[in-house]
Amino acid sequence: MADFLQAVFLGVLQGLTEFLPISSSAHLRIFPELFGWGDPGAAFTAVIQIGTELAVLVYFRKDIWRIARAWVLSLFKPEYRGALDARLGWYIIVGSLPIVILGVLLKDVIERDFRNLWIIGCTLIVLGLVLGLADRVGKNERAIKQMTLRDAALMGGAQALALVPGVSRSGATLSMGRFLGYEREAATRFAFLLAIPAVVGAGLFELKEIANVGKAHPGEADYGWGPTITATVVSFVVGYAAIAWLLRWVSTRSYTPFVVYRVLLGGAVLVLLGAGVLSS
């Protein structure tokens, strides 16, 4: 029962933080350690993120269907190749390549070294400041219809930085989008779409590891299939509500509250590590 209650909490935490530029993977590493539950592990984290990406699939189902349809048609009908939706299909594919390639090549390093809380505390602060700078200097003048293949590749490269917990997939992508001059809502919408292949792919790739958590990776919490599925379902429900809220927020407001939160959380983690309250 304790494992299921913890799973519900972690599912809520994942759903609330996945789409905000504050790093869900950092929260899933920090709070279980703070409560003495142990590290839930990279596999558990990747799998329950499928829940929040399913929320994206449902929320953006019309956009995704339109993009997928236009992309497939563009393969056979030249008149579709210049359409925005067909181009977005290619942009999502190209933008997904960096995180897929690096995720496979660095799998062991990600699961072992990148989950160190000293690293996470520092990345929360540094990338938070980068987000604040990007939002301040971004010209807020480009819509998603003005996106180019180069911009998609750059945003995809930024997304790949999120292989390090604490960076934030959405935060890194949004920062690059703002540096490139995209409107907040345009950058946010593309960040959501760009995350789908990477997150769903990573979750499916790590499914086989759930049965081995605690055995193959000593020191990790062994939640097993029941709590993992519970956390995934909870993250879907909470994540769906978070998408709608974030899109409303970014259309009129800045990222400053998220920057402040990241710096405070990262600083608190470093202080607790230094005081011996947390173990890295």
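Helix 4 (61-76) gives the largest share of the nonpolar surface patch, three residues. This is a predicted model, so please hear everything today in that light. The patch itself is made of Val72, Leu75, Phe76, Trp90 and Ile93, and together they have about 480 Å² of accessible area. Helix 5 also supplies at least two residues to the patch. One of the patch members, Ile93, is found in helix 5. Ile93 is partly exposed, because its relative accessible area is 35%, and the partly exposed range runs between 20% and 50%.

Now let's go from the surface to the inside. The largest nonpolar core has 35 residues, and Phe190, Phe192 and Ile243 touch the most other members. Which helices each supply at least two residues of this core? They are helix 3 (41-59), helix 5 (84-105), helix 8, helix 10 (184-206), helix 11 (225-250) and helix 12 (256-275). Helix 10 gives the most, with eight residues. If you'd like one residue to click on, try Phe192: leaving aside residues up to four places away in sequence, Phe192 touches Phe19, Glu53, Val56, Phe60, Ile243, Leu246 and Leu247. There is also a second, separate core of 18 residues, and among them are Leu13, Ile30, Leu117 and Ala231.

A word on the record. An unreviewed UniProt entry annotates residues 41-60, 88-106, 118-137, 186-205, 225-247 and 259-278 as "transmembrane region". In the model, residues 225-247 are 100% helix and 0% strand, with the end C-alpha atoms 33 Å apart. The span 259-278 is 85% helix and 0% strand, and its end C-alpha atoms lie 23 Å apart.

On to charges. Side chains of opposite charge can pair when their charged atoms come close. How many salt bridges does the structure hold? Twelve. Let me walk you through three of them.

Glu33 and Arg29 meet at 3.0 Å, N to O. They are four residues apart in helix 2, so about one helical turn separates them. Glu33 is partly exposed at 21% relative accessible area, while Arg29 counts as buried at 5%.

Next comes Arg189 with Asp63, where the closest N and O atoms are 3.5 Å apart. Arg189 lies in helix 10 and Asp63 in helix 4, so this pair ties together parts that are 126 residues apart in sequence. Arg189 is partly exposed, with a relative accessible area of 23%, and Asp63 is buried at 19%. Both belong to a network of salt bridges that links Asp63, Arg66, Asp85, Glu185 and Arg189.

The third pair is Asp135 and Arg178, whose side chains meet at 3.0 Å, N to O. Asp135 sits in helix 7 and Arg178 in helix 9 (residues 169-179), 43 residues apart. Are these two buried or exposed? Asp135 and Arg178 are both buried. Ala134 is also in helix 7, and at 0% relative accessibility Ala134 counts as buried. Not counting residues up to four places away in sequence, Ala134 touches Ser175, Arg178 and Phe179.

Last, two backbone oddities. Most residues other than glycine have a negative phi. Ser23, however, has a positive phi near 75°. Ser23 lies in the loop between helix 1 (2-17) and helix 2 (24-34), and is buried at 2% relative accessible area. Asn140 has a positive phi too, about 55°, in the loop between helix 7 (117-137) and helix 8 (149-160). Asn140 is partly exposed, with a relative accessible area of 37%. Thanks, everyone!

Key
Residues are numbered from 1 along each chain as its sequence is written. This is a predicted model: local features need pLDDT of at least 70, side-chain atom pairs count only at pLDDT 80 or more; totals for chains, interfaces and linings use all residues. Side-chain values use heavy atoms; hydrogens and water are left out. Buried means under 20% relative accessible area, exposed over 50%, partly exposed in between (1.4 Å probe, protein chains only). A nonpolar core is a set of buried Ala, Val, Leu, Ile, Met, Phe, Trp, Tyr and Cys residues joined through side-chain atoms within 4.5 Å. Contact means heavy atoms within 4.5 Å. Patches are made of residues with over 30% relative accessible area and no salt bridge: like charges are joined within 9 Å, nonpolar side chains (Val, Leu, Ile, Met, Phe, Trp, Tyr) within 5 Å. Accessible areas come from the Shrake-Rupley method with a 1.4 Å probe; for residues, only the protein chains shown count as cover. A salt bridge is a side-chain nitrogen of Lys or Arg within 4 Å of a carboxyl oxygen of Asp or Glu. UniProt positions are given in the numbering used here, feature names are shortened, and annotations may be inferred rather than shown by experiment.
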